[in-house]
Amino acid sequence: MNSPEVRPPSLEDGGAALFAWVDEMRENHPVIEDDDDTWHVFRHADVRRIFTDHQTFSSDPGLLLPDTAEAVRGNMAAVDPPVHHRLRKLVSKAFTPKVVADLEPRIVTATDTLITEMAERDDPDLIRDLAYALPVVVIGDLIGIPPEDRTLYRGWADALLAGGGPQEDGTSLTEVMENYLSALLAQRRRTPEDDLFSALAHAEVDGEHLADHEVLNFASLLLAAGHITTTMMLGNTVLSLHEFPEAAAAVRRDPSLVPSLLEEVTRHRPPIMRLLRISTTDVELGGVTIPAKSMVTPWVLGANRDPRHHTRPAEFDPRPRKQTNLAFGGGVHFCLGAPLARLEGRVVFEQLLDRFADIRVRDGVQVGYPSPMIFGVRELPVELVPRHTIARSA
Ligand code: HEM
């Protein structure tokens, strides 16, 4: 068979063309090189192998682009073991399941406030008013940013997404963030409080602590890794409930399905639909040899729709599935924030389903995000049909 041009379709049509393309590639060209010398990998078993074999598939962009070495120093997503192991162990000491679980009351309150404000608007937009706003508040709270500085933090999130260019006064965004967070960290080193920054400042494994720059890089990583991903998951869930009314009815009848609904949404529309690795040696995958020092892009979207792993992969089913999906990655870099994302999703959809009899997506939704890695919508204008009109207005 001739090799096709490797050009993923855009998400403009809501994803149908991309789904069809990914399915076609997975079945007929499971490992294929594009014109830019990047290797695309589509099958579940191969994508899983890439995630779990970090010796052969490195996360360190410095292997191909030496200039990035300084920028990624201390960023655990962009380093390999053993450096990764040390960072992850230290950070996990502070970012514990209890720290995440303890955030629930604050997430409930923040969600309630945002939904109330959204419902009062003439032009509610699920992304702008809730899905984009909530993760910033949550990450800010988690780190320990004082509530009065929330707008500042949100400003950084906006600027980071817009490309992180210089601020109005000419200083770089990184400098501004670093200055602010350094001052906060110094304060927490002196007087610990009940927040992640204090825990990170004092985390210790085998007598080792995190250096200041490592704590600061981790704070930036949380914002980069935990914001838009969660935004996309929340938006994709509303889109899925709209597109699959039977699934929506099942979850409304039995709200205990919310957690499995969220897993299914991330399987079906994974917010990070593909990742990047660099091969460290020549490696055989799917019957072809990928040369050493190649850029490799494992397609989570392809793996999550692979019939070799999932039963009925093209169907959307909110009931628990037996097979796990790869939306949160795998191996040593498995998403550190997955429990937090799941908690935010559960709180949001418990409240949305309780407060609205229907959430109708308005026409003209712009599907797509300005990154070829992200699956989701930038805007989501909705019509909210309240459930408790009488009770609430009484
Ligand atoms: C639905 C939401 C989310 C999705 C789909 C998602 C997905 C992922 C994926 C696929 C990876 C693996 C990256 C790789 O292997 O190169 C990852 C790593 C990571 N995620 Fe998430 N994520 C989400 C939410 C969050 C949240 C809420 C946080 C924290 C606030 C977070 C923090 C991280 C961190 C720190 C890493 C790097 C872990 C490491 O390298 O050891 N993520 N995430």
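**Ligand site and sheet in a predicted model**

In this predicted model, a polar side-chain atom of His84 sits 2.7 Å from an oxygen atom of the ligand. The side chain of Arg88 makes a comparable appearance: one of its N or O atoms is 2.7 Å from a ligand oxygen atom. The backbone takes part as well, with an N or O atom of Ala225 placed 3.4 Å from a nitrogen atom of the ligand. Two or more residues of the surrounding shell are supplied by each of α3 (83-94), α11 (212-226), α12 (228-243) and α16; the largest share, four residues, belongs to α11.

The shell holds 25 residues, of which His84, Arg88, Arg277, His333 and Cys335 come nearest to the ligand. By character, 16 are nonpolar, seven are polar and two are charged. Turning to the metal, the iron atom of the ligand has Cys335 as its only protein donor, through SG at 2.3 Å. Cys335 itself is located in the loop that links α15 (300-304) and α16 (338-355).

The model also contains an open, mixed sheet of five strands, ordered β1-β2-β7-β4-β3. Because β1 (31-33) and β3 (57-58) are the edge strands and have a single partner strand each, one side of each lacks a neighbour in the sheet. For β3, pairing with β4 (residues 277-279) is antiparallel and spans two bridges, and Ser58 is found opposite Ile278 of β4. Helix α2 (residues 44-52) lies across β1, β2 (38-41), β3, β4 and β7 (295-298), at about 125° to β7.

Definitions and conventions:
Residues are numbered from 1 along each chain as its sequence is written. This is a predicted model: local features need pLDDT of at least 70, side-chain atom pairs count only at pLDDT 80 or more; totals for chains, interfaces and linings use all residues. Side-chain values use heavy atoms; hydrogens and water are left out. Donors are N, O and S atoms within 2.8 Å of the metal (3.2 Å for Na, K and Ca); water is not among the atoms, so sites may look incomplete. Two strands pair if DSSP finds at least two bridges between them. Contact means heavy atoms within 4.5 Å. Axes are lines fitted to C-alpha atoms, for helices over the stretch in contact, and angles run from 0 to 180 degrees between N-to-C directions. A residue is near a molecule or strand if one of its heavy atoms lies within 4 Å of it. A polar contact is a pair of N or O atoms within 3.5 Å; within protein, one must be able to donate a hydrogen and the other to accept it, and residues adjacent in sequence count only if both atoms are side-chain atoms. Ala, Val, Leu, Ile, Met, Phe, Trp, Tyr, Cys and Pro count as nonpolar, Asp, Glu, Lys and Arg as charged, and the others, Gly among them, as polar.
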